[in-house]
There are 2 protein chains.
Amino acid sequence: MKNSLRTLALASAVLVAGSAVAIPPPPPPTATELAQSGDDPAWSITEDLTTEIGPRMAGTEAESAARRWAVARLQAMGFANVREEQFDMPVWVRGEEEASLVGPFLPQKLAITALGNSASTGAKGIEGDIVYFPSYDALVAAPEAQVKGKIVFIDHQMERAQDGSGYGQYGRGRFIGANAASKKGAIAVVIRSIGTDNHRTPHTGGTNFEKGVTPIPAGALSNPDADQLVRQWQRTLRMRTKETALGYTPEPLRLKLLLTPKQVGQQHSGNVIAEVPGSDPNASPVIIACHLDSWDLGTGAIDDGAGCGIITAAAKHVMTARQPRRTIRVLWAGAEEVGVFGGKAYFEKHGTEKHAVALESDFGADRVWRVDFKLPASAKALEDRIAAELSAFGIVRGKEPAGGGADIGALVAAGVPTLDLQQDGTRYFDLHHTPDDTLDKIDPVQLRQNVVAWTATLAILANSSDAELP
Amino acid sequence: MKNSLRTLALASAVLVAGSAVAIPPPPPPTATELAQSGDDPAWSITEDLTTEIGPRMAGTEAESAARRWAVARLQAMGFANVREEQFDMPVWVRGEEEASLVGPFLPQKLAITALGNSASTGAKGIEGDIVYFPSYDALVAAPEAQVKGKIVFIDHQMERAQDGSGYGQYGRGRFIGANAASKKGAIAVVIRSIGTDNHRTPHTGGTNFEKGVTPIPAGALSNPDADQLVRQWQRTLRMRTKETALGYTPEPLRLKLLLTPKQVGQQHSGNVIAEVPGSDPNASPVIIACHLDSWDLGTGAIDDGAGCGIITAAAKHVMTARQPRRTIRVLWAGAEEVGVFGGKAYFEKHGTEKHAVALESDFGADRVWRVDFKLPASAKALEDRIAAELSAFGIVRGKEPAGGGADIGALVAAGVPTLDLQQDGTRYFDLHHTPDDTLDKIDPVQLRQNVVAWTATLAILANSSDAELP
């Protein structure tokens, strides 16, 4: 880290406009030095946002208050062109949520939360027989007669991985399990949370119904509650086998479910944008993104308050060190969790503008462990410079192309170059979309490492030549 | 461990009644060998009880079902004299529970749970200014005028310790904080959970009001929610300082609270008792205890399903190895959590009977790490034998006298000797009295170590001479 700092300090000294006094003034601090200094805007942004605003579900008054808060904070930090760009989007809000196993054993309450876009059970709730599926694929393969009129349970425990790679595969039960169950006539669907913890804090997240498919009530049980359901299911199976042999009527496992969320129609949301103006008005900007909205159960500390803290701290440090050649555009997107409405709205408004490169931070606050690139061939030397810089902070160079992030997804799909500062996701899915996504889960040391990595990367990207990044 | 097994095998061979055939049969397995074999009644008792019954709050239908379940299970395991001994006790049941910080910031929900014996806020809830105390002692020292008409918050985070020693000191905020607050005219009390985790699963537990003191609503926030309240409190203090200097009216931190528990009067509870009859009808029995009831938030796996599993597995193994000299009496006490009513009822009925020694398991399912004694001077050699035996399982000999446990507390106070197989409590207060007290938290390897330690100890105690334990 020492060597790297010295290199940056030398580079910075070269860039400082010389003055003709006998003893030259010391060079201004490099962006990385600033990022390692005592001033920690990443922490203070995350702490203040999660404390003073807390949960900020897209399209609600809380998200609107968060945008006002964000504009004031970004202006106070010295950014230019700070503004809201509003858009409208459909809003779903949570209601009551209760579940109980009610037979054949004594009634027992389960910890449940509704999935986004879940239908309501009505105020009286519903009760039904459970039909068990070990996975989403097993549900899809099942005959309709097995599902019709029942409450579908989808098991399938997600496993822990540093790169979070289980989410896409195991997540299908949440993303589209309710849709598949509804098509086969299920009255509701309950899934094992898409999460790796064993606390009684279920994981919410969106589920989606195809056009023409009737939305049904859909909820997630915490892992310990899913375990309990499975143990009772296994016992009823054993009882059925025994009792059927004896000529008794088998008793099914019964669930009572009360979920009363509702769709409240189109509401205002918006993106918050701030800029560090570059010295070259003809250079295309670097865009860095996070999302401001959160799910409603926690205070959105790791998802994605910390992401906004990290990218904004990095932009601030680059700005303080010296004016970059390219403009840095900071995007705090709205309404990401419920369908990436902010990212889409940004693309509709700005998609035809030239962007040199797009980056996003939206995978928690644990350390960056790998850098992946998807830059044009002209940026080979630039990639090498970034990778060399980051290796000082324990970050390895990946072999896969970068994917970008949700809010810059449309830009990347349209051909804007990207790079990923991949965060360690080992414990991300312990907390993701749960009540436990709160400030205390953030490790300040790892958060700081993110800021240092982002600052070093951003300083290089924002000062890159047009030959490297056209 | 090998040496210890050989010693026990030899001891066991000596005890077997000889037969006159040419090749003597192999000795029966020692109790410790059985405890280390595949058969694991500690796990199956804990799994079945927490799955088929689940939460079993004292005096409720669930506790009654648990007693029926327990009698059937203990009979099926081959114990003698299995019976319920009923008693009546006052019952408090949980209602709705909600809390929100409602000013000066945007409303935010907090995770709260009512403490046992909390009064109700009424169906409409109450709202009030928060007055902050860093500890129970600070509340006691405060003038009445500071507290009157307010909602008292007691902070004071409990620290993690292997022997659980923080519970008594930090627990005062829960045990008697509401009583102290009520005497000074508070309208409610909210405490930081007496727990060491950082999940949004608050810790319940009993609070007690002196005769003549009006019960007030009393709840516990989870640690992350207490952190959030403290951060908002600190911000309102800073705002007040600034605004007071400017001549504005300071804005207090406001809490809205809905807790609707109720006292439902005297209900039936009971103890379940089972025995391993000893070979010497004149020898005084060994009593081993756990408690069958649990709080209502979790399924009572570590508190105290596992305790019942451990002591019962040990008694079963001792019984299977060979008939002990003394009777072993197994007590699954009722209604411990809410005031040790089962322990008191046992003492009222049996306190005048002679007991050789009393032991209890009620501190989770993690490994036994220390053995403490409070035996008569005549048992010095017995203590040495037990300590030597246990040292093979990584258990050290403590220097403090044993304390016993809640359900055998009256016996020990009346002079019955005791010893403690102290369990590792490092993570006990992460789970204690929370929704997270569920089966998945039990480590089967550590549970097994408990059974081995208990079996070895119990085999020695149950075969001790009258000279050692009169």
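Start with both chains on screen: turn chain A by 180 degrees, with 0.0 Å of shift along the axis, and it superposes on chain B with an RMSD of 0.0 Å. That is how a two-fold axis relates two copies. Keep in mind as you go that this is a predicted model.

**Stop 1: where the chains meet**

Select the contact between the two copies. Here 25 residues of chain A are in contact with 25 residues of chain B. Now colour helix 3 (41–53), helix 4 (61–76) and helix 10 (223–246) of chain A: each supplies at least two residues of the side that touches chain B. Helix 10 of chain A gives the largest share, six residues. Colour that side by class and you'll get nine nonpolar, nine polar and seven charged residues. Since 100% of the interface residues of chain A are also interface residues in chain B, the copies meet through the same surface.

**Stop 2: chain A by itself**

Hide chain B for now. Switch to cartoon view and chain A shows 16 helices and 16 strands. Its radius of gyration is 25 Å, close to the 23 Å that the globule rule gives for 470 residues, so chain A is as compact as a globular protein of that length. Along its principal axes, the C-alpha trace of chain A spans about 105 × 40 × 40 Å. Of the 470 residues in chain A, 53% count as buried. As for contacts in chain A with a separation of 6 or more, 81% come from residues 24 or more positions apart.

**Stop 3: two domains**

Give chain A two colours: one for domain 1 (2–15 + 27–92 + 265–462), another for domain 2 (95–260). The C-alpha centres of these two domains of chain A lie 36 Å apart. Where they touch, 19 residues of domain 1 of chain A are in contact with 20 residues of domain 2 of chain A. On the domain 1 side, pick out helix 15 (residues 428–431) of chain A, which gives the most to that side, with three residues. That side of domain 1 of chain A divides into nine nonpolar, seven polar and three charged residues.

**Stop 4: some backbone oddities**

Zoom in on A:Gly103 and A:Pro104, which are joined by a cis peptide bond with omega of about 5 degrees. A:Pro104 sits in the loop between strand 2 (97–103) and strand 3 (108–110) of chain A. Next, go to A:Asp303 and A:Asp304: the peptide bond from one to the other is cis too, with omega near 15 degrees. You'll find A:Asp304 in helix 11 (residues 301–321) of chain A.

Then click on A:His433, in the loop between helix 15 and helix 16 (444–462) of chain A. A:His433 isn't a glycine, yet its phi is positive, about 65 degrees. Is A:His433 buried or exposed? A:His433 is buried, with 29 other C-beta atoms within 10 Å.

**Stop 5: the cores**

Bring chain B back and select B:Ile288, B:Ala314, B:Ala315, B:Val318, B:Val330, B:Val357 and B:Leu458, which touch the most other members of the largest nonpolar core, a set of 98 residues. Helix 11 (residues 301–321) of chain B gives the most to this core, with 12 residues. Both domain 1 (2–13 + 28–92 + 265–462) and domain 2 (95–260) of chain B contribute residues, so this core lies between them. Now centre on B:Ala314: beyond its neighbours within four places in sequence, B:Ala314 is in contact with B:Ala35, B:Val451, B:Trp454, B:Thr455 and B:Leu458. For the last selection, try A:Trp43, A:Met158, A:Ile302 and A:Ala365, which are included in a second, separate core of 97 residues.

Note on methods. Residues numbered from 1 in each chain as written. Chains lettered and ligands numbered in written order. Predicted model: local features only at pLDDT ≥ 70, side-chain atom pairs only at ≥ 80, totals over all residues. Core = buried A, V, L, I, M, F, W, Y, C linked by C-beta atoms within 7 Å. Buried ≥ 20, exposed ≤ 12 C-beta atoms within 10 Å, placed from the backbone. Helix = DSSP H or I, 4+ residues; strand = E, 2+ residues; numbered from the N terminus. Domains from an automatic or database assignment. Contact = placed C-beta atoms within 7 Å. Nonpolar A, V, L, I, M, F, W, Y, C, P; charged D, E, K, R; others polar. Rg over C-alpha atoms; globule rule 2.2 N^0.38 Å. Least-squares fit on C-alpha atoms with pLDDT ≥ 70 in both.
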